[in-house]
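Visitor: I should like to learn how to read features inside a protein model. May we work through some of them together?

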Amino acid sequence: MLRGRAVTLRPATAGDVPTLAAIRATPEVRRWWRGGDDLPAAVRADLDDEALAVYAVEHDGRVVGAIQWHAEDDPDYRHASMDIFLDPAVRGAGLGGDAIRTLARHLIDEHGHHRFTIDPAAANTAAVRTYAKVGFRPVGLLRRYERGEDGRWHDGLLMDLLADELAD
């Protein structure tokens, strides 16, 4: 378990699937995360992906989202990438930034990572703002990076963070 100021991160389990799928089904989250017609299956697929570490984000004793990371282990390009979603009901309370800081500290201290990336949709201004508060900086626009549910391609924003830039 990883403890932040207001959140606790713990490895997500099969028991978390219904809650995480329900959060991903909210229009505010689904807009960015999608997952097809079977969101429980999409969440289970993430949990079953051996290259991905998925943590449930808990606040006040309940699961309010998930944060995940993946390592690029090539020694010449080593870094960790992250992604996060939270229940819209808890947005604005600083929980996203707390979860990202908590995970980043763990990855620095326990895994020796020195660099992190995150790639929100360019139009997801709330996420971009949260990541910037933690210390992530824009690297560049990923043009037509991801196909949306509307079938059109949308831009992404590549952001990165160096360990010594992590904002408390």
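The dialogue below takes up cavities, salt bridges and aromatic pairs in turn.

Guide: This is a predicted model, in which local features need pLDDT of at least 70, side-chain atom pairs count only at pLDDT 80 or more, and totals for chains, interfaces and linings use all residues. Residues are numbered from 1 along each chain as its sequence is written, and side-chain values use heavy atoms, with hydrogens and water left out.

Visitor: How many cavities of 30 Å³ or more are there?

Guide: Rolling a probe the size of a water molecule over the atoms shows where empty space is left. On a 1 Å grid over the protein atoms alone, a cavity is a set of points where a 1.4 Å probe fits but cannot get out; lining residues have an atom within 4 Å of a point. Grid points are joined across faces, edges and corners, and a volume is the space filled by probe spheres set on the points. Here the count is 1 cavity of 30 Å³ or more, and the largest cavity holds about 40 Å³ of space.

Visitor: Which residues line the largest cavity?

Guide: Among them are Leu20, Arg24, Asp46 and Phe85. Helix H3 gives the most to this lining, with 3 residues; helices are DSSP runs of H or I with at least four residues, strands are runs of E with at least two, and both are numbered from the N terminus.

Visitor: Which side chains meet in a salt bridge at 3.5 Å, N to O?

Guide: Side chains of opposite charge can pair when their charged atoms come close. A salt bridge is a side-chain nitrogen of Lys or Arg within 4 Å of a carboxyl oxygen of Asp or Glu. One such pair is Arg24 and Asp46, which joins helix H1 to helix H3 across 22 residues. Arg24 is buried, with a relative accessible area of 4%, whereas Asp46 is partly exposed at 22%; buried means under 20% relative accessible area, exposed over 50%, and partly exposed in between (1.4 Å probe, protein chains only). The count comes to 8 salt bridges.

Visitor: How many aromatic pairs are there?

Guide: Rings of Phe, Tyr and Trp (its six-membered ring) pair if their centres lie within 6.5 Å; planes under 30 degrees apart count as stacked, over 60 as edge-to-face and the rest as tilted. The count is 2 aromatic pairs. One of them, Trp33 with Phe85, is edge-to-face, at 4.8 Å centre to centre and 70° between the planes. Trp33 belongs to helix H2 and Phe85 to strand E5, 52 residues apart, and both are buried.

Conventions. 1 Å grid on protein atoms, 1.4 Å probe; cavity = no way out; pocket = protein on both sides within 12 Å on 5 of 7 lines; lining within 4 Å.
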